[in-house]
2 protein chains.
Amino acid sequence: MKELYEPVRGFRDYVPPESEVISWICSVFREVAESFGYREIKTPIVESFRLFAMKSGEEIRESMYVFKDKGGREVALRPELTPSVVRVYLRELRAWPKPVRLFYIGDVFRYDEPQLGRYRGFTQAGVEILGADDLNYDVELIEILEEFYDRIALKERIYKVNNVAIFRDLAIRSNLDESSVERLLHLLDKGLFNEAAELFEARGAVRGARIVREVARYRGANDVQPLVSILESEGVYSDFRMHIDSIVKYIDFAKSIGARVILDPAFARGIAYYTGIIFEVAAPPLSISIAGGGRYDNLTAVYGGEELPSTGFAVGVERTMLALSSQGQGPSLPRRRRVLLLLLVKDPPVFAEISSIARDIRRKGVVVQIEMLSAAHRLGRWLEYASKEGFNYAVIVGKRELERRVVLVRDMERWEQHEVSIDRLAEFLVG
Amino acid sequence: MKELYEPVRGFRDYVPPESEVISWICSVFREVAESFGYREIKTPIVESFRLFAMKSGEEIRESMYVFKDKGGREVALRPELTPSVVRVYLRELRAWPKPVRLFYIGDVFRYDEPQLGRYRGFTQAGVEILGADDLNYDVELIEILEEFYDRIALKERIYKVNNVAIFRDLAIRSNLDESSVERLLHLLDKGLFNEAAELFEARGAVRGARIVREVARYRGANDVQPLVSILESEGVYSDFRMHIDSIVKYIDFAKSIGARVILDPAFARGIAYYTGIIFEVAAPPLSISIAGGGRYDNLTAVYGGEELPSTGFAVGVERTMLALSSQGQGPSLPRRRRVLLLLLVKDPPVFAEISSIARDIRRKGVVVQIEMLSAAHRLGRWLEYASKEGFNYAVIVGKRELERRVVLVRDMERWEQHEVSIDRLAEFLVG
């Protein structure tokens, strides 16, 4: 029977305090996104497989939960939310004034090999800007993340950035077709630069191959100059100048608001729909990225809608929690005052009066846990419980005291006991 | 391509304001549960099929999403969370002092025929008390719900209650086996009283059959007397007296805190693990129940653990939203002040200063949406946008004004314009 207690391989249970940290991170994210003018949307976890397959190709099938529902529909557990957000935009939100700023918080699923910080089900919190026709919207994403990380007090966060338009353009100018472009981005993401260069060579694009091999040498360079030199020496700098100017400008803006940004000319992301500025967030010493995003200017058109320049990102919520603890940062969860109310009188009118007082106290933000005791001899056990569990006060409501309209309040920290009038109890505990 | 925009049959997208109402209901639920001393847990959406099949029998398979994952495991999308909570308790929380009070908020899935308020994916918010060895814990559930409904301002809520132990005991005394007991509860839940009586007749238990047929006549009676009379006339009242006393006492307590409780002696719930007090919440004029729960004293033992009396409930979040609107009650979502900040200067240092002011304003709870305008001639369009979208203020940051360290603030309600010093902007907008 024991194996029944385990979650399915690749999944995790979260109990307090971790479960509470996850909820707290989500609620901070919601507050921040709302404060920037974003509106929340909720889309189903179960989506048509085709929605994801269209732009991501066969490869994503490998790591997707795909099955047929009882009606024979080929459905998937969503591996991310961007395609769903675009779908809902096309279906319901086209009339909204642009840009449309949306955010979401939801579960996603990927059938990957489980390892540190990588589970088969996890929570993503993200934003999308549809109709983001300017670089400043990409900068806004960094602003949102900076505010989010400030509020959860994640000290170290580094943005690795690049402009994937450079690789895309290089591929198109070398006559690679769209599926080869997607393959190229996938290979670059995996750091397989040789294989990436061979894609060009296979089409006789020796210059493209040379550029890729050169760029690979400047992985993580944090400098645009080597890239400029490579393109100049190949005599194609002017073709790419616009893309380079835009990443430089983007970095200037991001740095102006204090973000630590590192340009990596060899950086790409595996998701096929990115077309421009992309980024990932690292939180050392954690070795995995905790957020990522980028610009996708063609996705609405891929789904048959109008072209709509867009940009967005997603935060891995559980990984963000991992980052906090790896930086030795206890999350600053709001600590509430806690009262254990021990009721020795089992009588509906008394219960009603005490319940009503408890309600007033709870509404002031204090936790009130009520235990109705069958026998006074169990009182000792419960006071011990109050002490062990970190309650601030134990309140004992006894029959004799109640006749005098008083209760006993034990201050668990100072180990003092007070007789408090029942009419002043709420005031005493909240004050 | 159009059909690609639709969610999968049986599922729904939620856009503002509905998506925001759902989140708000969840956050109120979380606050209330925490204020009663409950701790949150998070369990995976994908669980082993066996976890649900063990206690619920073959029938639930019909309405469950079941499939094999890539590792050949027979998994299910959870149709509810109670079995998962019990699983986590048995695995990780056995050492916690009893009672263990837990709550959850999560997605569940049922392959039912879609209809009003019934989708194939929806959100449940619920609590479980493990080690709930007294009736007062059942009463606490009603208290929590009452506080929750008060806070979301759902005016009409009616608790239909019964003690399913009466039917269980009747079945056992009539020599029905456990699978017949489960069948019985299912039939009663569907109102198929004749078929339920026939289950007894098939085992020659004519008295049991008579009692079931009699009870059926008092559906929704809101009176314990008919049931007492039936049992007395059959000469078995003393066998059931304990169960009847407990439902009467439960109702007394629930009424003492102001809950509208209706006893329905013919009421049962389809879930097989209930053993005692059960309830469902109706919110007229909505015809479907919006919450339900009950006592399950054997589930830990079914899963191979110690016996642990337990009780809990789950709220249907989307149905609760439906109930609010069916009662003509607009949810009282917190309304925030909103500022549209129009930046006419595209220059990193200016952007940095404005961003920092915006951050201070946001931290005071005001929404600040920034638009960086490429051209001043688009200003008119944006002011129109601010007006249409209900912003309270539009702030125009222009080059010439900035040289004098001022910005223009337009009050969108009074249609007034002020020149405000940049150093006093936050104060002006928050104040």
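By what turn and what shift along the axis can chain A be laid on chain B? In this predicted model, a turn of 180 degrees with a shift of 0.0 Å along the axis lays chain A on chain B, and the RMSD is 0.0 Å. That is the relation of a two-fold axis. The two chains bury about 8900 Å² between them, and the contact draws on 106 residues of chain A and 105 residues of chain B.

**Symmetry**

- Two copies of a chain are related by a rotation about an axis and a shift along it.
- For chain A and chain B, the rotation is 180 degrees and the shift is 0.0 Å, which means that the relation is that of a two-fold axis.
- Within chain A, Phe67(A) has the C-alpha nearest the axis, at 3.3 Å from it.
- Of the interface residues of chain A, 99% are also interface residues in chain B, so the copies meet through the same surface.

**Extent of the interface**

- Carbon and sulfur atoms account for 56% of the roughly stated total, about 8900 Å², that chain A and chain B bury between them.
- Leu4(A), Tyr5(A) and Lys42(A) together supply 8% of the area that chain A buries against chain B, and no other three residues supply more.
- The contact involves 106 residues from chain A and 105 residues from chain B.

**Polar and charged features**

- The interface of chain A and chain B contains 18 salt bridges.
- A salt bridge joins the side chains of Asp13(A) and Arg87(B), with an N to O distance of 2.7 Å.
- On the side of chain A that touches chain B, the residues comprise 46 nonpolar, 14 polar and 46 charged.
- Polar contacts across the interface of chain A and chain B link 48 residue pairs, with both residues at pLDDT 80 or more.

**Cysteines**

- A disulfide is a covalent bond between the sulfur atoms of two cysteines.
- Over all chains, the search of the whole structure finds 0 disulfides.
- Cys26(A) takes part in no disulfide, and its nearest cysteine sulfur, that of Cys26(B), lies 12 Å away.
- Cys26(B) is likewise in no disulfide, with the sulfur of Cys26(A) as the nearest cysteine sulfur, 12 Å away.
- Is Cys26(A) buried or exposed? Cys26(A) has a relative accessible area of 10% and is therefore buried, the cut-off being under 20%.
- Cys26(B), at 11% relative accessibility, also counts as buried.

Note on methods
Residues numbered from 1 in each chain as written. Chains lettered and ligands numbered in written order. Predicted model: local features only at pLDDT ≥ 70, side-chain atom pairs only at ≥ 80, totals over all residues. Heavy atoms only, no water. Contact = heavy atoms within 4.5 Å. Buried area = accessible area lost by both parts, 1.4 Å probe. Salt bridge = Lys/Arg side-chain N within 4 Å of Asp/Glu carboxyl O. Polar contact = N/O pair within 3.5 Å; in protein donor to acceptor, adjacent residues only side chain to side chain. Nonpolar A, V, L, I, M, F, W, Y, C, P; charged D, E, K, R; others polar. Least-squares fit on C-alpha atoms with pLDDT ≥ 70 in both. Disulfide = S-S within 2.5 Å. Buried < 20%, exposed > 50% of the residue type's maximum accessible area, 1.4 Å probe, protein only.
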